[in-house]
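Welcome to a small set of exercises on reading a protein fold. Keep the picture beside you and try each task before reading its solution.

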Amino acid sequence: MENKVYQKIENTISQLDVTTITKERKEVLQPLVDFIQGKKDNENQIAINFICTHNSRRSHLSQIWAHTIATHLNIKNVVTYSGGTEATAMFPKVVETLTNQGFNILKLSETNNPVYAVKFNNNSHPIIGFSKKYDDAFNPISEFAAILTCSSADQGCPFIAGAEKRIPITYDDPKMFDGTELQTEKYAERSLQIATEMLYVFSQIK
């Protein structure tokens with residue numbers, strides 16, 4: 001049980017309802033299912049790079065939930081990354097939201113673009129989170145799926161060098177609620193939407 005995720009994350013996952021995902025949305029997610037299944041069938045590493053404009057919100061949520069749920073479902077050889085068309089910083093509300101949903105997040109640097117270690121269980125290597133361009137040296141250069149998590153990145157990145165597959169899976173930006181009384185609720189909602197869809201994707205893998 002060494003890879004078991006923290007109990008609070010397990011509780012969060014147990015409340016996700018994949019039956020809320022529409023048939024149309026499942027069709028959007030299917031190319032990612034196919035990519036993961038193909039890699040697993042061939043016993044290859046499953047590398048996924050989630051790309052947004054600023055690599056500050058949706059791409060981090062996607063990277064972290066995909067890796068965590070793959071571990072939770074005991075799907076091996078999954079490595080997840082994130083990047084942007086430009087680098088900014090992981091938005092603090094993302095850190096707060098994920099902490100509330102069960103993650104243990106350590107801030108490793110005090111800079112304008114902090115580096116975070118995101119732990120989802122006691123023994124696995126933490127996910128390293130910081131804002132970077134999608135082609136940063138920290139990210140893979142080939143044999144990965146590029147997942148476009150926002151429409152502006154989808155439009156702005158017609159070609160992702162090295163990507164084996166380019167898959168738009170876009171999400172509404174919780175940034176539109178920054179500074180409003182709905183901010184906490186909407187960040188939690190977006191995080192749980194992404195978690196639900198990643199749970200659906202990885203639960204399809206045989």
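## Getting started

Helix 3 lies across strand 4 and strand 5, and its direction makes about 175° with that of strand 5. Contact here means heavy atoms within 4.5 Å, and angles run from 0 to 180 degrees between N-to-C directions, with axes as lines fitted to C-alpha atoms, for helices over the stretch in contact. Helices (H or I, at least four residues) and strands (E, at least two) are DSSP runs, numbered from the N terminus.

Residues are numbered from 1 along each chain as its sequence is written. This is a predicted model, where local features need pLDDT of at least 70, side-chain atom pairs count only at pLDDT 80 or more, and totals for chains, interfaces and linings use all residues, while side-chain values use heavy atoms, with hydrogens and water left out.

## Exercise 1: the antiparallel sheet

Work out the order of the strands in the sheet that contains strand 4, and find which strands stand at its edges.

*Step 1.* Recall the general idea: strands of a sheet pair through backbone hydrogen bonds, either parallel or antiparallel. Two strands count as paired if DSSP finds at least two bridges between them.

*Step 2.* Look at strand 3 (residues 104-107) and strand 4: they run antiparallel and are joined by four bridges. One partnership to find is isoleucine 105 with valine 118 of strand 4.

*Step 3.* Now move to strand 5 (residues 127-129), which pairs with strand 4 in the antiparallel sense over three bridges. Tyrosine 116 has glycine 129 of strand 5 as its bridge partner, and alanine 117 has isoleucine 128.

*Step 4.* Put the pieces together: the three strands form an open sheet in the order 3-4-5, with antiparallel pairing. Strand 3 and strand 5 each have a single partner strand and stand at the edges, so one side of each has no neighbour in the sheet. From one strand to the next, the twist averages 25°.

## Exercise 2: two faces of a strand

Sort the residues of strand 4 (residues 116-119) by the way they point, and decide whether they are buried or exposed.

*Step 1.* Start from the rule: in a regular strand the side chains alternate between the two faces of the sheet.

*Step 2.* Apply it here: Tyr116 and Val118 point one way, while Ala117 and Lys119 point the other way.

*Step 3.* All of these residues are buried, meaning under 20% relative accessible area (exposed is over 50%, partly exposed in between; 1.4 Å probe, protein chains only).

*Step 4.* For contrast, visit serine 151, which is in helix 5 (residues 151-156). Serine 151 counts as partly exposed because its relative accessibility is 43%.

## Exercise 3: the parallel sheet

Find the strand order in the sheet that contains strand 1, and say how the strands pair.

*Step 1.* Begin with strand 1 and strand 2, which run parallel and are joined by seven bridges. Isoleucine 46 stands opposite valine 78 in strand 2.

*Step 2.* Strand 1 (residues 46-52) also pairs with strand 6 (residues 144-148), in the parallel sense over four bridges. Here, phenylalanine 50 has isoleucine 147 of strand 6 as its bridge partner.

*Step 3.* The result is an open sheet of four strands in the order 2-1-6-7, with parallel pairing. Strand 2 (78-84) and strand 7 (163-168) are at the edges with a single partner strand each, so one side of each lacks a neighbour in the sheet.

*Step 4.* Check how covered strand 2 is: six of its seven residues are buried.

## Exercise 4: helices that cross

Describe how helix 6 packs with helix 3 and with helix 2.

*Step 1.* Two packed helices are described by the angle between their axes and the distance between the axes.

*Step 2.* The axes of helix 3 (residues 58-72) and helix 6 (residues 183-203) come within 9 Å and cross at roughly 40°. That angle makes the pair oblique (under 35 degrees is roughly parallel, over 145 roughly antiparallel, 65 to 115 roughly perpendicular, and the rest oblique).

*Step 3.* Helix 3 meets helix 6 through residues including Trp65 and Ile69, with Met198 and Phe202 among those on the helix 6 side.

*Step 4.* Helix 2 (residues 23-41) packs with helix 6 at an angle of about 55°, the axes being 9 Å apart. Helix 2 is therefore oblique to helix 6. The contact includes Leu29 and Val33 of helix 2 and Met198 and Val201 of helix 6.
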